[in-house]
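Dear colleague,

Please find below the structure that I am handing over to you, followed by an account of what was found in it. I would be grateful if you read the account with the structure open beside you.

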Amino acid sequence: MKKCAFITGITGQDGSYLAKFLLKKGYKVHGLKRRASLINTQRIDDIYEDNFQSRKKFFLHHGDMTDASSLQSIIEKIKPDEIYNLAAQSHVAVSFEQPEYTANTTALGTLRLLEIIRQTNRKIKFYQAGTSELYGGIYKKKQNEKTPFHPRSPYAIAKLYSHWLTKNYRDAYGIFACNGILFNHESPLRGETFVTKKIVSALVKIKYGMQKKLYLGNIYSRRDWGHAKDYVEAMWLMMQKKKPEDFVISTGKQISVKKFVNLVCDVLKIDIYWNEKNKFPYATDSKNKVIIQTSSKYFRPTEVNTLVGDSKKARKILKWKPKYDLRKLVNEMIDYEIYLHKNVKKKF
Ligand code: NAP
Ligand code: GDD
């Protein structure tokens, strides 16, 4: 019989990649969608459009992570074998502005799902979208499953609650519940306000005369960036093991935001010159025009300066390894951005 999965956060970056991945594996996929005044299914519309057949395998349900009754009625109706909890207020900077909402969605949302599993069917497997942000202020060379946590934002603290809750429901009630501790992962479908997508999108527009300047925050922070497509595969692999366990998923390599900018400029053949003597560094193009300006607006009250993961456990036990390197990821993101603006590009 076909397996049935329920994905919260299906309209997000990872949700869309995971839905496609599971459909290819033959799953029936159900997703949670919140009501919005504008259409918010752009990332999954192609599942309907490109594959008419998948309408029999792919279903969306209105609900919200802050509304237990909607979650309960969906789960009781669809009877999933696996739940992937990807829904969250996932923006670290926004979590400082909306700490209570972040806790309600990102922490208590997990509690709502686990309670439904505990009360209705403890055989449902549960995946929790954990994060490298849990490590926050820990300055170990590389972070793995044994590294202690030191969250530095309301977002990371909400995720810490979900991490420990997932472990607790596993230990206390024997539920197959696992945490993926995923380091940053990007793609052409990444949300516009995360730094990689913001940089690629702006530099493509600057290149074709559609934008003048890109404003950034801390260009010295360093991240371990992988591709979302590789990372959703790891989620599924964790759920197929006999025993539920937690796994770090990462590339093991990090670069700074500034170097990421340089890499994108290199691919786009934009010459840039950094001036880092000011409090707010900036970069000019070959005509001495400022095209990148840092601004306090994008600094966070507490920053996570460096993250780089050690995913040896996943590579050994799950036999997982990333297929994308950073250059391939950047090329794909740039190609997609150019494709998006190709009609506009023709005007210039
Ligand atoms: P994303 O693109 O921001 O997607 C978040 C999803 O959650 C969207 O579908 C969003 O719906 C949904 N959502 C937010 N609040 C909700 C609510 N109250 N009720 C129902 N749905 C709600 O995030 P992502 O990059 O795909 O990440 C997926 C998960 O992995 C998140 O939990 C994130 O915190 C975690 N994570 C991400 C990374 C990464 O680098 N991408 C790394 C580690 C962990 P709308 O479309 O309606 O907004
Ligand atoms: N968003 C953003 N915008 N970040 C900027 C900017 C800017 O203009 N300028 C510099 N940065 C820096 C941030 O301060 C941070 O240090 C780094 O770029 C990455 O920021 P984001 O892309 O917003 O990602 P994040 O690392 O804070 O969080 C993402 O990864 C986590 C996993 O480590 C999100 O996807 C989280 O949901 C996820 O848990």
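**Salt bridges**

A network of salt bridges links Glu133, Arg223 and Glu303. Please keep in mind throughout that this is a predicted model. In total, the structure contains 15 salt bridges, and three further pairs are described here.

The first pair to look up is Arg170 with Asp246, whose closest N and O atoms are 2.8 Å apart. This salt bridge links distant parts of the chain, 76 residues apart: Arg170 belongs to helix α6, while Asp246 sits in the loop between α8 (228-240) and β11 (247-249). Are these two residues buried or exposed? Arg170 counts as buried because its relative accessibility is 15%, and a residue is called buried when that value is under 20%. Asp246 is buried as well, with a relative accessible area of 7%.

Next comes the salt bridge in which the side chains of Glu337 and Lys197 meet, with an N to O distance of 3.0 Å. Glu337 is part of helix α11 (residues 326-340) and Lys197 is part of helix α7 (residues 195-207), so this pair ties together parts of the chain that are 140 residues apart in sequence. Both Glu337 and Lys197 are buried.

Lys313 and Glu245 also form a salt bridge, and their closest N and O atoms are 2.9 Å apart. Because Lys313 lies in helix α10 (residues 312-318) and Glu245 in the loop between α8 and β11, the pair ties together parts that are 68 residues apart in sequence. Lys313 has a relative accessibility of 22% and therefore counts as partly exposed.

**Ligand 1**

Which residues are closest to ligand 1? They are Thr11, Asp14, Ser90, Tyr155 and Lys159, out of 26 residues that surround this ligand. By class, the shell is made up of ten nonpolar, eleven polar and five charged residues.

Several side chains place an N or O atom beside ligand 1. For Arg34, such an atom is 2.9 Å from an oxygen atom of the ligand. For Lys159, the distance to an oxygen atom of ligand 1 is 2.8 Å. In the case of Arg190, the partner is a nitrogen atom of ligand 1, at 3.2 Å. On its own, ligand 1 has 900 Å² of accessible area, and the protein covers 89% of this. Two or more residues of the shell come from each of α1 (13-24), α5 (99-120), β5 (125-131) and α6 (154-173). The element that gives the most to the shell around ligand 1 is β5, with three residues.

**Ligand 2**

Ligand 2 is surrounded by 25 residues, of which Ser132, Tyr155, Ser221, Arg300 and Glu303 are the closest. Its shell has ten nonpolar, nine polar and six charged residues.

Oxygen atoms of ligand 2 take part in several contacts. A polar backbone atom of Ser90 is 2.7 Å from one oxygen atom of ligand 2. An N or O atom in the side chain of Thr131 is 2.6 Å from an oxygen atom of this ligand, and a polar side-chain atom of Lys198 lies 2.7 Å from an oxygen atom of ligand 2. The protein covers 95% of the 710 Å² of accessible area that ligand 2 has on its own. The elements giving two or more residues to this shell are α7 and β8 (214-216).

Where does ligand 2 lie with respect to the domains? Domain 1 (4-188 + 226-252 + 306-323) and domain 2 (195-219 + 256-303 + 334-347) both give residues to its shell, so ligand 2 lies between them.

With kind regards

Notes
Residues numbered from 1 in each chain as written. Chains lettered and ligands numbered in written order. Predicted model: local features only at pLDDT ≥ 70, side-chain atom pairs only at ≥ 80, totals over all residues. Heavy atoms only, no water. Near = heavy atom within 4 Å. Polar contact = N/O pair within 3.5 Å; in protein donor to acceptor, adjacent residues only side chain to side chain. Areas by Shrake-Rupley, 256 points an atom, 1.4 Å probe, with all protein chains shown as cover. Helix = DSSP H or I, 4+ residues; strand = E, 2+ residues; numbered from the N terminus. Nonpolar A, V, L, I, M, F, W, Y, C, P; charged D, E, K, R; others polar. Salt bridge = Lys/Arg side-chain N within 4 Å of Asp/Glu carboxyl O. Buried < 20%, exposed > 50% of the residue type's maximum accessible area, 1.4 Å probe, protein only. Domains from an automatic or database assignment.
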